[in-house]
Amino acid sequence: MRSIRRQLLIWLLAGLLLGVAIAAVGTYLRARQEANALFDHQLQEMVASLTDAPFAAAPAGASANGVADDALVVQIWDRNGMQLYLSQPQRVLPQHAQLGFTNLRTESGEWRVFSALTGNQVVQVAQPMRARRELAASMALRTIVPLLAVLPALGLLIWFIIARGLEPLERVAAAVGRRSPTQLEPLAERGLPGEVQPLVRALNGLLESLGKALAMQRTFIADAAHELRTPLTAVHLQAQLAERAPTEAERRKALSDLKSGLERATRLSEQLLTLARTEPGVDAAERPAALVDLATLAREVIAELAPLAAEKSIDLGLSDGGNATVRGDRDALRTMLSNLVDNAVRYTSPKGRVDVAVGPEGNRIALAVRDNGPGIAPAERARVFDRFYRGQPAAVTDESAQGARVRGSGLGLAIVKSIADRHGAEIALGEGLDGRGLEVTVRFSATAETRRS
């Protein structure tokens, strides 16, 4: 703030000094103009006073010692050109007269000359231009000196005014400095100038967003710690059981359970990292958008998860409905589709069915993943996108019982929602295949390339 105050003072004083300098030049020019008019009138009056005065011929070698350098020089000639009078013989001036006003330059400087024909005589009066310039400078100086004298007082006044003007900003800066991650209350707008209030409102909006982000982060960390504690505790217990198993069969059973627990903990950790990378502001989430063919992406994801589907004899297929190009982050979209298909395969019972469909839908591009697993109860669908929330199945039959018993992390659909929101896409949940199961549809805005095709 002090740097701004110093810069404002320097610039204002510089502008003031420039204004004084311009005023000084203007005053000098105006004073010289007025001095010229005054002295020209004086020359005319002097010539008029010498009209028809009797003068004898000027004696040779006459001099006028002791005359000031800026004194007037008077010359008078008769009609025959004989010089009758010269007030300062030591001055070298032309020995002829041009009637009216003229400016002459001689070895002794520049002169202002006025000549007139009066009766039988030609009278010429000359004055050094130096005298006029000195008078103009003196007049300008007398005008400017008072302004220069009050400049220090003006500087102090400007400093005081700037300090008062910046005081609201200093108060705001001090108030922001007192905020902390645990104290993010909004800044007070009362008593602040109208020019500062938009800044304070913007800061309050930022503080509010920061408070929400920190609250979400604290909730996320607490939930993550809780969710990780359960599988890690189970792994610890299973390891103890394996150590104490009296028979080889019980040991193999305990080791199998231990392996499953480790897989759950590993998957939960991976999903936590994936969710963290999809948060706004993370470098990975800020990659520039590119054209992505969802059909090609779906084939890659299906090929990747085909072994998981084969273990459960699940029919995993793709329905390609035509051009399905969207603009977005390819890696993030792959993560989104992988989570959708992985969830569908995990929750679908053996010998079930999972279909992936992509293609145009009106003026949008739709990506749908359908299964005939246990589905999600309609009352639970509004909350399944919350982190760590696990909904209840819509209905559990003998065929879907195994899928219903799968315990997920509660992060898959939260990851899908985060990535969809970043791409401006909409998510809808509906009934899946064969009148049961779940259908998750993500609708994207069509690109200009897709519309043209």
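A salt bridge here is a side-chain nitrogen of Lys or Arg within 4 Å of a carboxyl oxygen of Asp or Glu. Keep that in mind as you open this predicted model, because a search of the whole structure turns up 20 salt bridges by that rule. We will visit a few of them, with some other stops along the way.

**Stop 1: from strand β4 to helix α2**

Select Glu-110 and Arg-133 to begin. Their side chains form a salt bridge, and the closest N and O atoms are 3.9 Å apart. Glu-110 sits in strand β4 and Arg-133 in helix α2, so this contact ties together parts of the chain that are 23 residues apart in sequence. Are these two buried or exposed? Glu-110 is partly exposed, at 23% relative accessible area, and Arg-133 is also partly exposed, at 34%.

**Stop 2: along helix α2**

Now extend your selection to residues 129–149, which make up helix α2. This helix has 21 residues and reaches 30 Å from its first C-alpha to its last, close to the 30 Å expected at 1.5 Å a residue. Follow the helix to Thr-143, where α2 bends by about 30°. A proline, Pro-146, follows within four residues of that point.

Which residues of α2 are buried? Colour Met-129, Ala-131, Arg-132, Ala-136, Ala-140 and Ile-144 to see them. As you look at the pattern, it helps to know that an α-helix has 3.6 residues a turn, so residues three or four places apart point the same way.

**Stop 3: two rings**

Next, show the side chains of Phe-101 and Phe-114. How many aromatic pairs does a search of the whole structure find? It finds 1. Phe-101 and Phe-114 form a tilted pair, 4.5 Å centre to centre, with 40° between the planes. Phe-101 belongs to strand β3 (residues 100–106) and Phe-114 to strand β4 (residues 109–118), so the pair links distant parts of the chain, 13 residues apart. The two rings differ in their surroundings: Phe-101 is partly exposed, with a relative accessible area of 29%, whereas Phe-114 is buried, at 12%.

**Stop 4: a loop and helix α4**

Move on to Thr-182, in the loop between α3 (151–177) and α4 (197–244). Thr-182 is exposed, with a relative accessible area of 72%. Add Leu-214 to the selection: Thr-182 and Leu-214 are 32 residues apart in sequence and 9.1 Å apart in space, C-alpha to C-alpha.

While you are here, pick Lys-212 and Glu-208. Their side chains meet in a salt bridge of 3.6 Å, N to O. Both lie in helix α4, 4 residues apart, so about one helical turn separates them. Glu-208 counts as partly exposed, at 49% relative accessibility.

**Stop 5: helices α6 and α7**

For the last stop, select Arg-334 and Glu-300, whose side chains meet in a salt bridge at 2.7 Å, N to O. This pair links distant parts of the chain: Arg-334 is in helix α7 (residues 330–347) and Glu-300 in helix α6 (residues 294–311), 34 residues apart. Arg-334 counts as partly exposed at 25% relative accessibility, and Glu-300 does too, at 30%. Which residues share a network here? Add Glu-304 and Arg-330 to your selection: salt bridges with shared partners join Glu-300, Glu-304, Arg-330 and Arg-334 into one network.

Methods: Residues numbered from 1 in each chain as written. Predicted model: local features only at pLDDT ≥ 70, side-chain atom pairs only at ≥ 80, totals over all residues. Heavy atoms only, no water. Helix = DSSP H or I, 4+ residues; strand = E, 2+ residues; numbered from the N terminus. Buried < 20%, exposed > 50% of the residue type's maximum accessible area, 1.4 Å probe, protein only. Expected span 1.5 Å × (residues − 1). Bend = angle between axes of the 7 residues up to and from the residue. Phe/Tyr/Trp six-rings, centres within 6.5 Å; stacked < 30°, edge-to-face > 60°.
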